[in-house]
Amino acid sequence: MTGAIAVRLDHLHPCVKPGLVLTALLGLALAGGPAWAQQAQPAPGGTLPLIIGQGPGGTSYSVPIQTLLFFTALSFLPAVLLLMTAFTRIVIVLSLLRQALGTQAAPPNQVIVGLSLFLTFFVMAPTFDQVYERAYAPYAAGQMPVDQALQEGVKPMREWMLKQTRQSDVMLFARLAKLPPDVKGEDVPLSVLVPAFVTSELKSAFQIGFMIFIPFLVIDMIVASMLMSLGMMMLSPVLVALPFKLMLFVLADGWNLLLGSLAASFAT
């Protein structure tokens, strides 16, 4: 079964395979055993046992228990996607762009989240490929135990997060966790690295959002001043400024500039 999964993943679309690899690694982390293809023998009472046996690779659980743990791991996938990838920065910047334009529901939330998701897969594709090649592919081929596969799978994610995290944020959470002052970045536990990475991503997202707001704020001020000088008190400046902001954004090829700059901001 694992061999079939590995073969099918090679033929998947590049944007789909990373998500499946993350899900599979999470399932392996909670299952605690490498025997996914091992069949459980019925107990004398007609029910399946919870544990098949114990060996050098760890405890081997029965198929129903493995299935339960796997679907439990799926519930952790949104948290992993939000806190350990580029999704946080991208979705915040796109949301701030919509506020700067003054459009209440355009683009809608589904479009923003979907675009952020696929742009995240685009940015994280090299890292996900390393996770697949170093961890999941050897594990699916039976060449690596689950513990070693998890350790190898975390390394590319750790390296990528360290490159995107400010040193001051890492030092803050390392000090709160009472780690030694001379601790190296590669030795920082994930419980310290993940919140430091999220804090750094929030700061970067709001810095980009500030730069996005400036030209649209200038248009709002100009329109408000013109309406005030003309005595049009009852006309909403937001309503008048909206077409000018849309025109400026389209003429400047704003989507190309914004999405290209977002993707380039993660280059290391």
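The following exchange concerns a bent helix and the salt bridges of a predicted model.

The model is predicted, so local features need pLDDT of at least 70 and side-chain atom pairs count only at pLDDT 80 or more, while totals for chains, interfaces and linings use all residues. Residues are numbered from 1 along each chain as its sequence is written, and side-chain values use heavy atoms, with hydrogens and water left out.

Trainee: At which residue in α6 does the kink lie?

Mentor: Helix α6 spans residues 109–140, helices being DSSP runs of H or I with at least four residues, numbered from the N terminus. Its end C-alpha atoms are only 37 Å apart, short of the 46 Å of a straight helix, where the expected span is 1.5 Å times one less than the number of residues. The bend is the angle between axes fitted to the seven residues ending at a residue and the seven starting there, and a kink of about 60 degrees lies shortly before the proline Pro126, at Met124.

Trainee: With which residue does Arg89 form a salt bridge?

Mentor: A salt bridge requires a side-chain nitrogen of Lys or Arg within 4 Å of a carboxyl oxygen of Asp or Glu. For Arg89, the closest N and O atoms are 2.6 Å apart, and the partner is Glu201.

Trainee: Is Lys245 buried or exposed?

Mentor: Buried means under 20% relative accessible area, exposed over 50%, and partly exposed in between, with a 1.4 Å probe and protein chains only. Lys245 forms a salt bridge with Asp220, and Asp220 is partly exposed at 25%. Because its relative accessibility is 3%, Lys245 counts as buried.

Technical notes. Helices (H or I, at least four residues) and strands (E, at least two) are DSSP runs, numbered from the N terminus.
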